[in-house]
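Please walk me through this structure in the viewer. Tell me what to select at each stop and what is there.

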Amino acid sequence: MADARRIVVKVGSSSLTTAAGGLDADRVDALVDVLAKARSGGEKEIVLVSSGAIAAGLAPLGLARRPKDLARQQAAASVGQGLLVARYTASFARYGVRVGQVLLTTDDTSRRAHYRNAYRTLDQLLTMGAVPVVNENDTVATDEIRFGDNDRLAALVAHLVRADLLVLLSDVDGLYDGDPGKPGTSRIEEVRGPADLEGVSIGSAGKAGVGTGGMVTKVEAARIAAAAAVPVVLTSASRAADALAGRDTGTYFHRTGRRSADRLLWLAHASTPQGSLTLDAGAVRAIVEGRKSLLPAGIAGVDGEFSAGDPVELRDADGRPVARGLVNFDAKEIPQLIGRSTRELAKELGPGYEREVIHRDDLVVLTG
């Protein structure tokens, strides 16, 4: 932890705002104090993934609580995002540090060209000595707002920028083996794999009512990052300095996997399938066990409306998702391909059909 050079720090709405809505300037300044000190020697680079746009827009719009309808959520995000970035800009300016706003949606992170552009922007901001402030583009996004917090986005950004560490800041000082407000529970200091979490009751969103994440999304984000070879510290915002300095705090999630291709991580965790393909048993085995491409002969059914290049879900005969991939054909073309060999299709329809429906380089297995 102490040797980590490039660090992604994620902070939630409850750590930045009051329960009634509106930014808490003292909380923002306290966080910035810690981040600025951590990078002051030039040895560390910080990417800040910050929630709080919707929460910051509540009070200015006269909203007593986070609205449930999408239109008012987007309106609050529109007002609050400007306030959020302005507050960060002013706070970091106390240290002579520039900030750059980066707004992302799921589509930005699931399309190859888009995430390459996102990487170049973030990397250049860091090279130029700025602190990127990343948030979901809640003004136009839909799935992101329903997801609530930016925990998953932070894990994906940590992988994208090749971070050495992901720090997830919460209003709780780590993961507990039960309700931390009740006696008899204790903090889990380390998680080396899924087995360490068996039987652990993980709570949902906190009491502040300004965010919709909670410990569930943070643990899932930690799992995603750790599987992509990025270690994670989960702790409270008040313990951020300890986490960045490598001191014992919160819950430490060890790496559980190796770094994968960017597009596969985005495909597995950031893409929204536009349809599905049902596979026969042989095709399921070939993809899950053999890591093979999907050929027309292994398809048993198609559902949804999608275009070539879209992400689709691959299911077994019982409807269970087994993989996700980028399809090479439009949905309307698939029915004429089902159960047929590529040689037969090329002879009847032309050489453009002598190819995989999904190439193995564009497939990520979800089970097995």
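Begin with the whole chain of this predicted model: 50% of the 368 residues of the protein count as buried. Colour by secondary structure next; the protein comes to 12 helices and 13 strands. If you display contacts with a separation of 6 or more, 73% of them are accounted for by residues 24 or more positions apart.

Now select residues 215–227, which form helix α8. This helix has 13 residues and reaches 18 Å from its first C-alpha to its last, close to the 18 Å expected at 1.5 Å a residue. Show side chains along α8: the buried residues are Met215, Thr217, Lys218, Val219, Ala221, Ala222, Ile224, Ala225 and Ala226. Then step past the end of the helix to Ala229, which follows α8 and has a positive phi, near 75°.

Keep α8 on screen and add residues 151–160, helix α7. The two helices pack with their axes 8 Å apart, at an angle of about 15°. That angle is under 35 degrees, so α7 and α8 are roughly parallel to each other. Turn the view until one helix lies over the other: α7 passes α8 in a right-handed crossing.

For the last stop, show the side chains where the pair meets. From α7, select Asp151, Arg152, Ala155 and Leu156. Opposite them, α8 supplies Thr217, Lys218, Ala221, Ile224 and Ala225. Coloured by class, this contact has 5 nonpolar, 1 polar and 3 charged residues. Thr217, Lys218, Ala221, Ile224 and Ala225 are also among the buried residues of α8.

Conventions:
Residues numbered from 1 in each chain as written. Predicted model: local features only at pLDDT ≥ 70, side-chain atom pairs only at ≥ 80, totals over all residues. Heavy atoms only, no water. Axes fitted to C-alpha atoms, helices over the stretch in contact; angles between N-to-C directions. Helix = DSSP H or I, 4+ residues; strand = E, 2+ residues; numbered from the N terminus. Parallel < 35°, antiparallel > 145°, perpendicular 65-115°, else oblique. Left-handed = near helix turned anticlockwise from the far one by under 90°. Contact = heavy atoms within 4.5 Å. Nonpolar A, V, L, I, M, F, W, Y, C, P; charged D, E, K, R; others polar. Expected span 1.5 Å × (residues − 1). Buried < 20%, exposed > 50% of the residue type's maximum accessible area, 1.4 Å probe, protein only.
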